[in-house]
Amino acid sequence: MKIDFRFAALLATAAVLGLAAPGSVQSSPRSPQEEQGEKPKPQRPVEAPPRIIAMTAKDFEFDPPVIHMKVGDKVRLEVISSDRTHGLHISAFPDGGKVNTAPGLAFIFGEDCWKLKKGESVAVDIEATEPGTYSFQCCKSCGTGHKRMKGQIIVER
Ligand SMILES: [Cu+2]
């Protein structure tokens with residue numbers, strides 16, 4: 001009986017809220033768990049990374065060319081090209097690593113080559129799991145300086 005009462009009270013509350021702000025109730029349908037007062041567990045696979053680093057790609061360099069992280073850090077690179085299409089390839093494996101070394105960088109929605117169109121910001125989420133130096137470079141042929149367009153992510157403990 002107690003539960004019935006509680007549920008009725010909840011319905012009454014919902015009805016009042018519905019009258020007060022009908023739009024808000026309709027636009028955010030609630031799951032049955034939420035209606036019974038259970039706290040829903042967050043289901044998002046990955047939290048938003050805490051640190052955002054703006055990076056520019058242009059003629060023929062990345063700025064900044066070196067990024068420092070600590071093991072366990074999460075970083076979001078907001079990469080934007082200011083002149084023409086470039087690409088960004090980041091190695092998940094440390095420079096000089098032995099064969100069969102596990103990757104030390106993890107990417108959310110990882111791509112082998114992010115395409116950087118002029119003026120379009122691309123978000124690259126990175127989590128550092130192992131110390132090391134991880135090279136990145138342009139991966140879209142962009143002109144005479146293409147081959148020297150590179151940088152490093154340095155991960156320390
Ligand atoms: Cu290039």
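The following paragraphs describe the strands of this predicted model, the sheet they form and the nonpolar core they supply.

One open sheet contains 5 strands in the order S2-S1-S4-S8-S6, and its pairing is mixed. At the edges stand strand S2 (61–63) and strand S6 (105–108); each has a single partner strand, so one side of each is left without a neighbour in the sheet. Direction ignored, neighbouring strands of this sheet are turned by 30° against each other on average. Within the sheet, S4 and S8 are antiparallel partners, joined over 6 bridges. One residue pair illustrates this arrangement: Val79 has Val122 in S8 as its bridge partner.

Val79 also leads into the interior. Together with Leu88 and Ile153, Val79 is among the residues with the most contacts inside the largest nonpolar core, which has 22 residues. At least two residues of this core come from each of the strands S1 (51–58), S3 (66–70), S4 (74–81), S5 (86–90), S7 (114–116), S8 (122–128), S9 (132–137) and S10 (150–156). S8 gives the largest share, 3 residues. In soluble globular proteins, nonpolar side chains tend to be buried together.

The surroundings of Ile153 show how separate parts of the chain meet. When its neighbours within four places in sequence are left aside, Ile153 is in contact with Ile67, Met69, Ile90, Leu105, Tyr134 and Phe136. Several of these residues recur in the strand pairings. Tyr134 has Ile153 in S10 as its bridge partner, and the strands concerned, S9 and S10, pair in the antiparallel sense over 6 bridges. Ile90, in turn, has Phe136 in S9 as its bridge partner; S5 and S9 run antiparallel and are joined by 2 bridges.

Strand S9 therefore merits a closer look at its two faces, because its side chains alternate: Gly132, Tyr134 and Phe136 are buried and point to one face. Thr133, Ser135 and Gln137 point to the other face and are not buried.

A last residue to consider is His68, which lies in strand S3. Is His68 buried or partly exposed? With 14 other C-beta atoms within 10 Å, His68 is partly exposed, because a residue counts as buried if 20 or more lie within that distance and as exposed if 12 or fewer do. His68 also marks an approach between distant parts of the sequence: His68 and Glu156 are 88 residues apart along the chain, yet their C-alpha atoms are 7.7 Å apart in space.

Key. Residues numbered from 1 in each chain as written. Predicted model: local features only at pLDDT ≥ 70, side-chain atom pairs only at ≥ 80, totals over all residues. Core = buried A, V, L, I, M, F, W, Y, C linked by C-beta atoms within 7 Å. Helix = DSSP H or I, 4+ residues; strand = E, 2+ residues; numbered from the N terminus. Contact = placed C-beta atoms within 7 Å. Pairing = 2+ DSSP bridges. Axes fitted to C-alpha atoms, helices over the stretch in contact; angles between N-to-C directions.
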